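Subject: A structure for you to look at

Hi,

Here is the structure I said I'd pass on. Please open it next to this email and click along as you read.

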Amino acid sequence: MSTSAPASDLLLESRDLTKHYPVRGGFFSRQAAVVRAVDGLSFEVRRGETIALVGESGCGKSTLGRVLVRLEDPTSGLLRFGGVNTTALSRREIFALRRKIQMIFQDPYSSLNPRMTIGEIVREPLEIHRMGRRSEQEQRVEGLLAEVGLSGEMMSRYPHEFSGGQRQRIGIARALALDPELIVADEPLSALDVSVQAQVINLLVRLQREHNLTYVLISHDLMVVEYLSDRVAIMYLGKIVETGTREDVFERTAHPYTRALIASSPVPDPAQRGEARPIEGEIPSPINPPAGCAFHPRCPFAIDECRMAVPPLEPVGKKSSPEHFAACIRKHEI
């Protein structure tokens, strides 16, 4: 896939990125198999945009997010941030890189230390990176809490004293503490009530505008993705099977898996509801993926060729934008 942005606009770039986990067994715990969590991904993220990674649980999107922030080391491939190859960095250089890349975690309950006050939680990144004196850090924390809609008077309270939405706001404030360029948001809304989700969505939009942030949004909620994202990458079994602008993916869908995801997504307006058809079958094991197109055992459009050849990610063409790619040999027929 290649529709490269100008170098000045490009913030993050991956080429053939993989993350494999060995499966050990037997008496000597020898490697018996490999889990291909991320399997040869190539994509780009531009400054100031929101790109969404979408797919079912187990498709590898959260693993990819952890690799992007270097909480996990990639098995192979290239990962560049700001033109720098992050896969070749030393520990000290990765430590410095984390000032520019931060993460918002899925669970606002387990991602906060219950023994620390929220003031200590938000201030911790500043202390680790030795940014400012204690008084300056306190002022910074108070300002960050105000930015996410919390009072500075709450700094002495503990996480258990807050609601789920408030805890996620604390996590967002912590992610902002080092003034990053890129934030990887791993399912930031999935643990929240629907009534709170809209508030957090509006907060993320405002912060992106005010801080010129770039987001990598990991989500399975297509309504949130359609609202927040500029571009979308659909993942299946460790690979990207379709990518393009929001309009390309939702209005000019080219891959059967994307179509199935959209069809099975709940629609709140009864007048617009159709017959939601769930995706048949289970996602195959990443230890032993099917030959050919990995989606073919569940695909209603599969033909014999789908079972033999792995389709490359190619331009869709026709009425789509130049950024619209799909990995399906029948993409022009569905």
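Below is what I found, helix by helix, with a pocket and a few odd residues at the end.

Before you start: this is a predicted model, and everything below was computed from it.

**Helix α6**

Let's begin with α6, which runs over residues 194-211. The helix has 18 residues, and from its first C-alpha to its last it reaches 26 Å, close to the 26 Å expected at 1.5 Å a residue. Which of its residues are buried? They are Val196, Gln197, Val200, Ile201, Leu203, Leu204, Leu207 and Gln208. Look down the axis of α6 and you'll see these buried residues fall within an arc of 165 degrees, so they line one face of the helix. If the spacing in that list puzzles you, remember that an α-helix has 3.6 residues a turn, so residues three or four places apart point the same way.

Now turn the helix around: the face away from the buried side carries Ser195 and Arg209, which are exposed. As for what covers the buried residues, the cover includes strands β3 (50-54), β6 (101-104) and β8 (214-219), along with α4 (134-147), α5 (164-176) and α7. Just after α6 comes Asn212, with a positive phi of about 55 degrees.

**Helix α4**

Next is α4. With 14 residues at 1.5 Å each, α4 should span 20 Å, and its end C-alpha atoms are indeed 20 Å apart. Its buried residues are Gln137, Val141, Leu144 and Leu145. They cover an arc of only 95 degrees around the axis, which puts them on the same side of α4. Gln139 and Ala146 are exposed, on the face turned away from that buried side. The buried residues of α4 pack against α3 (118-128) and α5. Just after α4, Gly149 has a positive phi of about 90 degrees.

It's worth zooming in on Leu145, which sits in α4. Is Leu145 buried or exposed? Its relative accessibility is 0%, so Leu145 counts as buried. Apart from neighbours within four places in sequence, Leu145 is in contact with Ile118, Val122, Leu150, Ser151, Met155 and Ala173.

**Helix α5 and the loop before it**

Carry on along the chain and you reach Met154, in the loop between α4 and α5. Met154 has 16% relative accessibility, so it counts as buried; the cut-off for buried is under 20%. Leaving out residues up to four places away in sequence, Met154 touches Ile118, Phe162 and Gln166. Thr117 is 37 residues from Met154 along the chain, yet their C-alpha atoms are separated by 8.8 Å.

Then comes α5, with 13 residues and a reach of 19 Å from first C-alpha to last, close to the 18 Å expected. Why call α5 largely enclosed by the rest of the structure? Because 12 of its 13 residues are buried. Among them are Gly164, Arg167, Ile170, Ala173 and Leu176. The buried residues of α5 pack against β6, α3, α4, β7 (182-186) and α6.

**The largest pocket**

About 500 Å³ of space lies in the largest pocket. Its lining is made up of 20 residues, and Asp221, Leu222, Met223, Val224 and Ser265 lie nearest its centre. By type, the lining divides into 12 nonpolar, six polar and two charged residues. Which helix gives the most to this lining? It's α6, with five residues. Helices α7 (222-228) and α9 (256-264) each supply at least two.

**Two residues with a positive phi**

Most residues other than glycine have a negative phi, and here are two to check against that. Asp16 has a phi near 50 degrees, a positive value in a residue other than glycine. Asp16 lies in strand β1 (residues 10-25) and is exposed, with a relative accessible area of 51%. Arg70 isn't a glycine either, and it has a positive phi of about 65 degrees. You'll find Arg70 in the loop between α1 (61-68) and β4 (76-81), and at 7% relative accessibility it counts as buried.

Have fun clicking around!

How values were computed:
Residues are numbered from 1 along each chain as its sequence is written. This is a predicted model: local features need pLDDT of at least 70, side-chain atom pairs count only at pLDDT 80 or more; totals for chains, interfaces and linings use all residues. Side-chain values use heavy atoms; hydrogens and water are left out. On a 1 Å grid over the protein atoms alone, a cavity is a set of points where a 1.4 Å probe fits but cannot get out, and a pocket is an open set with protein on both sides within 12 Å along at least five of seven lines; lining residues have an atom within 4 Å of a point. Grid points are joined across faces, edges and corners, and a volume is the space filled by probe spheres set on the points. Helices (H or I, at least four residues) and strands (E, at least two) are DSSP runs, numbered from the N terminus. Ala, Val, Leu, Ile, Met, Phe, Trp, Tyr, Cys and Pro count as nonpolar, Asp, Glu, Lys and Arg as charged, and the others, Gly among them, as polar. The expected span of a helix is 1.5 Å times one less than its number of residues. Buried means under 20% relative accessible area, exposed over 50%, partly exposed in between (1.4 Å probe, protein chains only). The arc is that of the directions from the helix axis to the C-beta atoms. Contact means heavy atoms within 4.5 Å.
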